[in-house]
Amino acid sequence: MNQTVRPERRVLAQRVTLAHGGGGKAMRDLIEDVFTSVFAPPGMEDQARLMDASLLEPGAELAFTTDSFVVSPMEFPGGDIGTISVCGTVNDLAVGGARPLWLSAAFIIEEGVEITTLRQIAASMQKSALEAGVRIVTGDTKVVGKGSGDGVFVTTAGIGVIPPGRRMLAESVRPGDIALVSGVLGDHGAAILAARGDMDLTSDIRSDCQPLNHLIEAVLTAVPDIRAARDATRGGLASALNEVAYAAGVGIEITEADLPLRQEVRGICEILGLDPLYLANEGTLVLFVPPDQAVSALAAMKSVPAGRGARVIGKAVTAHPGTVIMKTVLGGARIVDMLVGEQLPRIC
Amino acid sequence: MNYTDEFRDPVAARGVLAAIERVVDEIGATKDKPLHIMEICGGHTHAIFRYGLDKLTPPGLEFIHGPGCPVCVLPMSRIDECVDIAERPNVIMTTFGDAMRVPGRRKSMMQAKADGADIRMVYSQLDALELARRNPGKEVVFFGLGFETTTPSTALTILQAHADRQSNFSIFCNHITVPPPIKALLDDPYMVLDGFVGPGHVSMVIGIRPYDFIARDYKKPIVVAGFEPLDLLQSVLMVLEQIRDGRAEVENQYARVVPDEGNPVSIAACNEVYQPRPSFEWRGLGEIDASGLRIRDKYAAFDAEVKFEIGYGTGPRFTGEQDGCRCGDVMTGRIKPHACPQFGKGCTPEMPLGALMVSSEGACAAYYQYGGLRLEAVE
């Protein structure tokens, strides 16, 4: 890549002021010093100009997605808003079967945010981008007055290419298909809850925030006809399964005893009266594969670090289309519904 | 997980379930002539549905879901009054999370917050007191609600605020007690209950003696129970055995946590800070004598009803519930949640009409979310 040699511009201010969003020199310095020197986008133009050989394959499709990130606190055990803003968008592309290639990054920064915070966010983004094998190629910054934001909001959009012949859609799931998850559930949600510090809970739980594209590619090599993949983010496993049940018009049955949950996560949920099925994940994959390929899919998942904790959790069925049912540890059954609103800690 | 998995052991559960089935048979109860056991506490209701226990117990046994969910029995008038305080200038209203969605006549606290009121969720009363310390220019009010489980911590917070002379802090007190509504239910001529499962954590505070009247005066068995599925099943079995043997006693299944006499420190703090109100309104049940607590005059400086001149004692209050809402009939065991014409139609967890649909511990919400009629339809 030919980066023009430019005089080094250092941002000397400690905190972001409205001047950093004013369109002048301060803004240019901020962008160059804090963001583009880290992301190294191609060229000097405002828009990125992109080419990749995979685009030229007959039958290849472009995949395009966007997501905004407003997590509080911005930093938590296992990552920060920068990590999830890259992983989230990479994973949105990957679960559709796309190979993620390029990302944009737009920042809404509240006046008063420390420059070091921005540097850390940019470094985390670049680290996750390298891990996922994507490049951050264009972006934007805006500064809003104190009280008009909450620290930093990040919006990323991502472009990827779906190779010819790949068809991973929730609607493709059929009765009999086996459901797998790539690892323990609820770590991200529990880590954020603990990191908010409202409850004086100390825990070792770390967010599971990670790119899933390599994991998905590894499984696709072993099981080319993955029916569907979902990234169990907001709303947790329950929402991901309900989306699939609804889109495919199948019922889904899962078994409580087979769900991988960390002791600490269960503990936090018990204390606060939350259901771990609804806790957010940022690096947990839910896969549906044809029944005869479940064993190879499980082995392929376990062969990659991100899938080491993989488990079969249930299957798609003909009965009760659109509804997810869980066999409880005691042998009873209950509906696992979509989350209504947000989970609120209970009183007693 | 330590200290919970033991109480979720499927093998042990099967043993207790078999015993339950046997005793129900011995009593001669059937699907058409079932026994009605009320689990008083919303936590138990939640556990029943979360573990699908209602599907595992024999058809001759029916659970009636009691009034023990503090959010569910909160009347609209109290939400209205809370919103009224929250919308006054310079006020920070603090509350436990699950009260946010309870519908008021005008709006819920969630809506009031969206409309600009400064309403914040806290995890404990002391967090609210801390907020008052950090915001000396604001009036910080805590929306105190709950049964004997949360009542002592509010009392201790008031005592702390009193000691600190924290003059910008007050409690909008909606604390209620478990025994009076049970008495009201037992006095109801339509009452069909054969026995009770009592809330263990309430007895952790008050002990088991306050339930003596149930056995002595009404000749009904009650077993104070823990919250794990095995606790619950074992307690149900103990109630059934009492019925079979013609006994009516107060028994303590949760003895590993609950001393018969309760917690004297908590009881003393509550007696110091509160006195019973002549009566208090319950959603669906109406006014019940001596069922609510008010803050004693000695601590009136921390009583939001006094400070903001609102609530009981300020003249006529509008009471009553939404048209078509039958929460009261559900709570008294007259109808099952799905027999309410609004269930799942005009009243869903997204847009609750009645409070039983609001909290995850409300019978209607548990029924709607975890199964009940919908589960039967798909099975």
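This report walks through a predicted model with two chains, A and B.

**How sure is the predictor?**

Let's start with confidence. For the complex, the predictor gives an ipTM of 0.72 and a pTM of 0.82. Chain A has an average pLDDT of 91, and 94% of its residues score at least 70. In chain B the mean pLDDT is 90, with 94% of the residues at 70 or more. Inside chain A, the lowest confidence falls in helix 7 (residues 263-272), with a mean of 84. The highest is found in strand 7 (residues 178-181) of chain A, at 98. Keep one habit in mind when you read any model like this: where pLDDT is low, the predicted coordinates should not be read in detail.

**The two chains at a glance**

Here are the boxes filled by the C-alpha atoms, taken along the principal axes.

| Chain | Box of the C-alpha atoms |
|---|---|
| Chain A | roughly 65 × 60 × 30 Å |
| Chain B | roughly 65 × 45 × 45 Å |

Chain A is built with eight helices and 13 strands. Its radius of gyration is 21 Å, and the globule rule gives 20 Å for 348 residues; the two values are close, so chain A is as compact as a globular protein of that length. Chain B has 16 helices and 13 strands. For 379 residues the globule rule gives 21 Å, and the radius of gyration of chain B is close to that at 21 Å, so chain B is as compact as a globular protein of that length.

**Chain A: two domains that touch**

The domain assignment splits chain A into domain 1 (18-44 + 57-162) and domain 2 (170-335). Taken over C-alpha atoms, the centres of these two domains are 27 Å apart. Where they meet, domain 1 of chain A puts in 20 residues and domain 2 of chain A puts in 20 residues. On the domain 1 side, the elements that give two or more residues are helix 2, strand 4 and helix 3 (115-132) of chain A. Which of the elements gives the most to that side? Helix 2 of chain A does, with eight residues. Sorted by class, the domain 1 side has 11 nonpolar, six polar and three charged residues.

**Chain A: a sheet with a helix across it**

Now find the open sheet of four strands in chain A, with the order 1-6-4-5 and mixed pairing. Why is one side of strand 1 (61-69) and of strand 5 (135-144) of chain A left without a neighbour in the sheet? Both stand at the edges, and each has a single partner strand, so there is nothing in the sheet on the other side. From one strand to the next, the twist averages 15°.

As background, strands of a sheet pair through backbone hydrogen bonds, either parallel or antiparallel. Strand 4 (residues 99-110) and strand 6 (residues 152-162) of chain A run antiparallel, joined by 10 bridges. Along this pair, Ser104(A) sits opposite Ala157(A) in strand 6. Helix 2 (residues 81-94) of chain A lies across strand 1, strand 4 and strand 6 of chain A, and runs at about 30° to strand 6.

**Chain A: two spots in the loops**

Two backbone details are worth a look. Ser72(A) and Pro73(A) are joined by a cis peptide bond, with omega at about 0°. You'll find Pro73(A) in the loop between strand 1 and strand 2 (75-76) of chain A. The other spot is Ala40(A), whose phi is near 50°, a positive value in a residue other than glycine. Ala40(A) lies in the loop between helix 1 (25-39) and strand 1 of chain A.

**Chain B: a parallel sheet with helices on it**

Chain B has an open sheet of four strands too, in the order 4-3-5-6 with parallel pairing. Its edge strands are strand 4 (119-121) and strand 6 (169-175) of chain B, each pairing on one side only. Here the twist averages 25° from one strand to the next. Strand 3 (residues 91-95) and strand 4 of chain B pair in the parallel sense over three bridges, and Thr95(B) stands opposite Met121(B) in strand 4.

What packs on this sheet? Helix 6 (residues 125-134) of chain B does, touching strand 3, strand 5 (139-146) and strand 6 of chain B. The direction of helix 6 makes about 170° with that of strand 5 of chain B. Helix 7 (residues 151-164) of chain B lies across strand 5 and strand 6 of chain B, at about 160° to strand 6.

Definitions and conventions:
Residues are numbered from 1 along each chain as its sequence is written. Chains are lettered from A and ligands numbered from 1 in the order in which they are written. This is a predicted model: local features need pLDDT of at least 70, side-chain atom pairs count only at pLDDT 80 or more; totals for chains, interfaces and linings use all residues. Two strands pair if DSSP finds at least two bridges between them. Axes are lines fitted to C-alpha atoms, for helices over the stretch in contact, and angles run from 0 to 180 degrees between N-to-C directions. Two residues are in contact if their C-beta atoms, placed from the backbone, lie within 7 Å. pLDDT is the predictor's confidence in each residue, from 0 to 100. Domain bounds come from an automatic or database domain assignment. Ala, Val, Leu, Ile, Met, Phe, Trp, Tyr, Cys and Pro count as nonpolar, Asp, Glu, Lys and Arg as charged, and the others, Gly among them, as polar. The radius of gyration is taken over C-alpha atoms; the globule rule is 2.2 Å times the number of residues to the power 0.38.
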